[in-house]
Amino acid sequence: MIAIIDFGSQYTKIIARKVRESKVYCEVLPHTVTLAELTKKQVKGIILSGGPNSVFEKDAPTCDERIFTSNIPIFGICYGMQLIAKHFGGEITEGKSKEYGHANLYIDNNFNLFQGLWLEMSIWMSHGDSVIRMPDNFQRIGHTETCSIAAMCWPEKKIYGVQFHPEVSHTHKGKEILDNFMLTVCRCEQNWTPISFIKTAINDINKEVKHDKVLCALSGGVDSTTVAALLKKAIGRRLTCMFIDQGFMRKNEGSKIKQLFENEFNIDLIYIDAVDRFHTKVAGVTDPEEKRKKIGEEFIRVFEEESKKLSGDYTYLAQGTLYPDVIESAVGDISKTAVTIKSHHNVGGLPEDIDFKIIEPLRMLFKDEVRQVGIQLGLPEELVFRHPFPGPGLAIRIIGEVNKERVETLQLADAILMEEIKSAGLYRKLWQVFAVLLPIKSVGVQGDKRTYSNVCAIRAVNSDDAMTANWTHLPYEILEKVSSRIINEVPKINRVVYDISSKPPSTIEWE
Ligand code: XMP
């Protein structure tokens, strides 16, 4: 594996993603990690990330200096390169030639790190300090117009440093540079595949769980479903899943989950029909935050009641936590197997003081890796590539008051939208697409009759991470068909509008 030592760069997660894309396993580790810990993990190479600090600051993060003489290949990126330079006695200037944005890199020597690359390429710079004199034994392998030492190395010791960011997409051929380090310099094997993950995960689960029983709370999304499928493979009938039906899923989604688990996967499913309870809780509530809170609290209550009936029987509760969450919450504690459950979790926020040990088999995976594992485990594509869906479900897509009739109306409109988007081959190209039921009525004419009925909004967005999003320019023909079908087929809707707002300043969901 490759160890990525994190010095707080906003790009650390991207480095990890890029390494994994090349089928090389990696872990992001805190800068306090010791050489002994790295040796125990049998790392074949170390990447020192960038970071917001200057090596001159009093409390600037450092790493276990023994790694520099350990003979493990090292690749320092930005701050990482400055740390290397400082350790070996180079000279660094403080903030004199700040540089952010594109630059042209001129490669002085295209062996190892730059093997197979053109001698000039576009790179992404983002730094304040710069190395102005290399330590003894180092040689320059790249420069830019303003940065005379943009890349350096000590080839005999396999220590490399670059001032730019090969991990970001703005750096042309950055991925090749990382590959050169991992594959040519460190000689890593490309054996991190869904199949190898599943094999190792099954072993680990069995080692941890032994003969105990595991309860898995399902949300209907890809993460918890993949956890369940993986656990089933590992421990068979000692797995039981629990699905709390709040009544706010898309049309037929609740029954599809039931069918998938009971019939196709042969997994014991405790299906809790809590629809009436949730509707009673949200009756008359129109404020979005209050609605979310009431649903979240009720979810916890139902889970508590139901799991109490089981605790004693079940030692473990399985969670679908993913690696980005682990990296974010891991301040020096990345190797622990149990973390506190976070309220934003996809199962919808579970109680904090539950009587289970937590097991998180996907905690080292990124979302797209979970999808590949899901496919490998035989989950249907429809589920694996399902768009993100909020914990409170359709309740926050029904603006204003929620009742069973309005849920049903929205389910019908939403199902038509999904059908048309999927048959046009657009589903996988969108981040999210959904219908929203508005709390106003408008006048229409259907047949010879005047109607006074509901308005439905269509929302389609593109995004990489949901932090920002652009409204999608869906083809007019699709919009026309969706609108016409919704108005004709859904009894309580007589008008359809299209949401043309991006995030920011709007959010993706309406509530
Ligand atoms: P907003 O509306 O804040 O949403 O732009 C960003 C992304 O988060 C999803 N979302 C949720 N996901 N539980 C979830 O698991 C929630 O309560 C929740 N609320 C919003 C939303 O669909 C979008 O992808």
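**Exercise 1. Ser9**

Task: Which backbone nitrogen does the side chain of Ser9 reach, and at what distance? Then place Ser9 in the chain and decide whether Ser9 is buried or exposed.

Solution:
- Start with the contact. The side chain of Ser9 comes to 2.8 Å from the backbone nitrogen of Tyr11.
- Note the source: this model is predicted.
- Next, the location. Ser9 sits in the loop that lies between strand 1 (2-6) and helix 1 (12-21).
- Now the burial. Buried means under 20% relative accessible area. Ser9 has 12% relative accessibility, so Ser9 counts as buried.

**Exercise 2. Lys13**

Task: In which helix is Lys13 found? Classify its exposure, then state how many ångströms separate its C-alpha atom from that of Asn488.

Solution:
- Lys13 belongs to helix 1.
- The cut-offs are under 20% for buried and over 50% for exposed, with partly exposed in between. The relative accessible area of Lys13 is 28%, so Lys13 is partly exposed.
- Along the chain, Lys13 and Asn488 are 475 residues apart. In space, their C-alpha atoms are separated by 47 Å.

**Exercise 3. A strand pair and its helix**

Task: How many bridges join strand 13 to strand 14, and do the strands run parallel or antiparallel? What handedness does the unit with helix 7 have?

Solution:
- Find the strands: strand 13 covers residues 239-245, and strand 14 covers residues 268-273.
- Count the bridges. Six join the two strands, which run parallel.
- Take one example: Phe243 has Tyr271 of strand 14 as its bridge partner.
- Add helix 7 (residues 253-264). Together with strand 13 and strand 14, helix 7 makes a right-handed β-α-β unit.

**Exercise 4. The ligand**

Task: Which residues surround the ligand? How do they divide into nonpolar, polar and charged? What distances do Arg292, Gly391 and Lys503 show?

Solution:
- List the shell: Arg292, Pro388, Pro390, Gly391, Pro392, Trp431, Gln432, Ala466, Lys503, Thr507, Ile508 and Glu509.
- Sort these residues. Six are nonpolar, three polar and three charged.
- Check the nitrogen atoms of the ligand. A polar side-chain atom of Arg292 lies 2.8 Å from one nitrogen atom. For Gly391, a backbone N or O atom lies 3.0 Å from a nitrogen atom.
- Check oxygen. A polar side-chain atom of Lys503 is 2.7 Å from an oxygen atom of the ligand.
- Finish with cover. On its own, the ligand has 500 Å² of accessible area, and the protein covers 72% of that.

**Exercise 5. The whole chain**

Task: How many helices and strands are in the chain, and what percentage of its residues count as buried?

Solution:
- The chain has 14 helices and 20 strands.
- Of its 511 residues, 54% count as buried.

Methods. Residues are numbered from 1 along each chain as its sequence is written. This is a predicted model: local features need pLDDT of at least 70, side-chain atom pairs count only at pLDDT 80 or more; totals for chains, interfaces and linings use all residues. Side-chain values use heavy atoms; hydrogens and water are left out. Two strands pair if DSSP finds at least two bridges between them. Helices (H or I, at least four residues) and strands (E, at least two) are DSSP runs, numbered from the N terminus. A crossover is right-handed if, with the strands pointing away from the viewer, the path from the first strand over the helix to the second runs clockwise. A residue is near a molecule or strand if one of its heavy atoms lies within 4 Å of it. A polar contact is a pair of N or O atoms within 3.5 Å; within protein, one must be able to donate a hydrogen and the other to accept it, and residues adjacent in sequence count only if both atoms are side-chain atoms. Accessible areas come from the Shrake-Rupley method with a 1.4 Å probe; for residues, only the protein chains shown count as cover. Ala, Val, Leu, Ile, Met, Phe, Trp, Tyr, Cys and Pro count as nonpolar, Asp, Glu, Lys and Arg as charged, and the others, Gly among them, as polar. Buried means under 20% relative accessible area, exposed over 50%, partly exposed in between (1.4 Å probe, protein chains only).
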